[in-house]
Amino acid sequence: LPGLYCVWVAARRSAPVRVRLARLGGALAAVILGAGLASMQLFATADLLANSQRAEGYGEEALAFNFSYAPLRTVNFLAPNVFGNPGDGSYLARGLFYEEAVYVGLIPLIAAFVAVFAWIGRAIRRRDDVPAYQQDAPFWLLVVVTGFVLALGRHTPIFPFLYRNMPTFELFQAPGRWHLWTVFGLSALAGIGVTSWGEGKWVVFWTRLATAGAVGAGLLAVASPLFLPPDVASIEGVQVLVREVAMTSLWVALAGALTLLYAGNVPERFIPLPGGWNRAWAVAVIVVVGVDLGWATRGLNPTVSAAFYNPLPEDEVTTDVMVRGYWPQATLDLVLFGQQVTDDGLEFADPEELGFEPWLNGQDYRVAQSDWQGFRRANLPNMNLLDRQYLLNNFDPLVLAEYETMIDSIPAGDIAALADYAVDRVYTDDGVIAVSESLGRAPFARDMVDDFNQVTLVGAGASGSGGLLRDLCHPGWVAVQSQNPGTSLSCDSFASYFMDVEPGSPGDVVLAYRAGWVRPGALLSLASVIVLVGVFFMPRPTRAFIKM
C-alpha cells in the first residue's frame, strides 16, 4: 500500500519527470534499505516458507475462505456493536469479533464521505486549486473499495478467482483481513474530509433535522422496553439492538451538535465568538471521537495479573507420559483434547477443561479473564512453553511440511503412540517406519538433551550401529560431534534423520542447526546498518529541489 501511494503521488502531483523519478527512487531505496536491515528475519522467514506446509498453497479452499466478510455486517461501519460485544459477553454472531471489526468512529466515517463528495464536487467544477492532500481522495477511495471487495471473500467471485489464479493469494486465509485497507483508507479520507467541515444554511437545515431525528430515535430506543412484550424485551438480541440504536443515536446527535457549533454555522447574533472558540471546538471533536471509539472497543483487551506468566508449581506441571495431540478433524474445529496413555489405550480428558472452549470463547472474553488461574493451567498451545511442556502440534501457522505429513499419516487408532513420540524421540534403526511401531523398542541413546538449536544424544556412540531421530529433517542440521567423525545423516521416508554411527565409537552424538542463511543475513544486516548511519550524514536536498 505505501508503494502504491508513492506511485500515485509521483503520477498525480505536478513536478518535472526527473523529480518524480527521484522521489520514486528514494522511496524504493528506503524499502531496499529496510529489507537489508531486516534481512536476518526475512531470510529466516523465507527458509521457513520454503519448507512449510504452505509452500504449495494454503490448501482447502473452504478453510482458506474462512472469515469472509458477510455483506450484512456492513452495518458495523455505522454501529460497531449491533451484533453485540464479546467484551461484555453479549456477542451473538459467529466468528471472531476482531477479525471483522471495521468501525472507525461515526464522525470519521462522516468525514470520509465528506471527502469523497467534496472531491466529486471539485471534479465537476474542474477545480484544481486545492491542497495536494485533497487531491489524494480518489486514491484512498479506491483503497477502501478494493479492501472491502476483497474482504467479502467467498461472497463474490472476485477473491476466489484471485485465490485460484493470482500468485501469493493462495498462501493465506481469512479474506476479511483485507479490511486493513478499508479501515486505513477510511481513516485517511477522514483526515481529508475533516478539513471540509460543512457550513452554510443548507448544512444547518439538514443537520438540525438529522440531530432531532437522532434524539428521537435514541429516546424511542431507551423507552422501548416499556411497551415491548416482556418475552420480547427479555431476548438478548433485542437488548443488544436497543442499546446499540441508543448509542448510535447519541453519536449522531453529538456529530450534529458539533456541526451546529462549528464557527461557520454559528448564528450571526452570537458573533463575535469568544476567544479560543475554534480550539475548544477542535478539542471537543477529539474527545467525542475518542469516547466513541473507546465505547466501541470496551472490554476487547482484557488484562490479568502478571502472575499469569509465572511458571506453575512443580506439583501442577505434568512430568509423566501425559501429552497433548490433535485429532485431524478436531484441528479444523479448533478443539484441543487432552490425551493420556493408559494400559487399555487412549483415555480422553474432559474437553471442557482442556480445550480451547470455554477459555478462548469468541462470544465472551471475560471467561479467561475471570478465571485466569484455570486458563493458565490448561496448557494450551504456546502456553505450554512457559513450563517447557511437550506438545506434539503447537498450532503454529507455519510448520515443516514433512512434519505435518508425518503427523497426518498416523492413524487415529495409533494416537496413543504420540506420548512415546513426544517424550522419547530416539529409536533403533531396525525397520522403524511409523511412530506406532516404535513402541517397545530399545532406545538408541541413554538420554537426549534438546536445546532447540542443538540436540545431544547421550551415549549414542556406544550403540554400535545407528538410530532414528524424528522431526529434525530440515536443511541446516549437521552432526558436529568430533568424537564420531564417521557420523552421517540422511532422511527417511518420514523426513526423520537417520544417524549412521561408527560401531564402538565413544561419547555422545551432537546435532546442531547450522543454517546457510545466517551468515549472509548477518552480513547484509550489518552492511545496511552502516549505510543507514551514512545516510544521516548525507547532505539533505534543497527545498528548491523538493518543490520542483
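Helices (H or I, at least four residues) and strands (E, at least two) are DSSP runs, numbered from the N terminus. The model is predicted, so local features need pLDDT of at least 70 and side-chain atom pairs count only at pLDDT 80 or more, while totals for chains, interfaces and linings use all residues. Residues are numbered from 1 along each chain as its sequence is written, and side-chain values use heavy atoms, with hydrogens and water left out.

**Exercise 1. Describe the protein chain as a whole.**

Step 1. Count the elements: the protein chain has 21 helices and 11 strands.

Step 2. Take the burial. Buried means under 20% relative accessible area, exposed over 50%, and partly exposed in between (1.4 Å probe, protein chains only). Of the 548 residues, 38% count as buried.

Step 3. Take the surface, using the Shrake-Rupley method with a 1.4 Å probe, where for residues only the protein chains shown count as cover. The protein chain exposes about 30500 Å², and carbon and sulfur atoms supply 65% of that area.

Step 4. Take the contacts (heavy atoms within 4.5 Å). Among those between residues at least 6 apart in sequence, 68% join residues at least 24 apart.

**Exercise 2. Place strand E11 among its neighbours and state which of its faces are covered.**

Step 1. Strand E11 covers residues 509–513, and 5 of its 5 residues are buried.

Step 2. Split the residues by face. In a regular strand the side chains alternate between the two faces of the sheet. On one side of E11 are Val 509, Leu 511 and Tyr 513, on the other Val 510 and Ala 512, and all are buried, which leaves both faces covered.

Step 3. Find the partners; two strands pair if DSSP finds at least two bridges between them. Strand E6 (residues 454–458) pairs with E11 in the antiparallel sense over 4 bridges, and Val 455 stands opposite Leu 511. Strand E8 (residues 477–479) is also antiparallel to E11, joined by 3 bridges, and here Trp 477 stands opposite Tyr 513.

**Exercise 3. Work out which residues and helices build the largest nonpolar core.**

Step 1. Fix the term: a nonpolar core is a set of buried Ala, Val, Leu, Ile, Met, Phe, Trp, Tyr and Cys residues joined through side-chain atoms within 4.5 Å.

Step 2. The largest core has 19 residues, of which Tyr 69, Phe 77, Leu 109, Trp 140, Leu 186 and Leu 189 touch the most other members.

Step 3. Helices H5 (106–125), H6 (137–151) and H8 (179–193) are the elements that give two or more residues to this core. H6 supplies the largest share, 6 residues.

Step 4. Follow one member. Leaving aside neighbours within four places in sequence, Leu 189 is in contact with residues including Ala 111, Val 116, Trp 140 and Val 144.

Step 5. A second, separate core of 13 residues includes Ala 255, Leu 258, Val 288 and Val 289.

**Exercise 4. Classify the ring pairs around Phe 205.**

Step 1. A pair of aromatic rings is described by the distance of the centres and the angle of the planes. Rings of Phe, Tyr and Trp (its six-membered ring) pair if their centres lie within 6.5 Å; planes under 30 degrees apart count as stacked, over 60 as edge-to-face and the rest as tilted.

Step 2. The structure holds 21 aromatic pairs. In one of them, Trp 202 and Phe 205 have centres 5.9 Å apart and planes at 85 degrees, so the pair is edge-to-face.

Step 3. Trp 202 and Phe 205 are separated by about one helical turn because they lie 3 residues apart in helix H9 (residues 201–227).

Step 4. Phe 205 and Trp 206 also form an edge-to-face pair, because their centres are 5.1 Å apart and their planes at 80 degrees.

Step 5. Add the accessibility: Trp 202 is exposed at 56%, Trp 206 is exposed at 54%, and Phe 205 is partly exposed at 39%.

**Exercise 5. Locate Asn 81 and describe its surroundings.**

Step 1. Asn 81 lies in the loop between helix H4 (61–64) and H5.

Step 2. Its relative accessible area is 3%, so Asn 81 is buried.

Step 3. Not counting residues up to four places away in sequence, Asn 81 touches Phe 97, Val 240, Glu 244, Trp 295, Ala 296 and Arg 298.

Step 4. Check for a charge over a ring (NZ of Lys or CZ of Arg within 6 Å of the ring centre and within 35 degrees of the ring normal). The charged end of Arg 298 sits over the ring of Trp 295, 4.0 Å from its centre.
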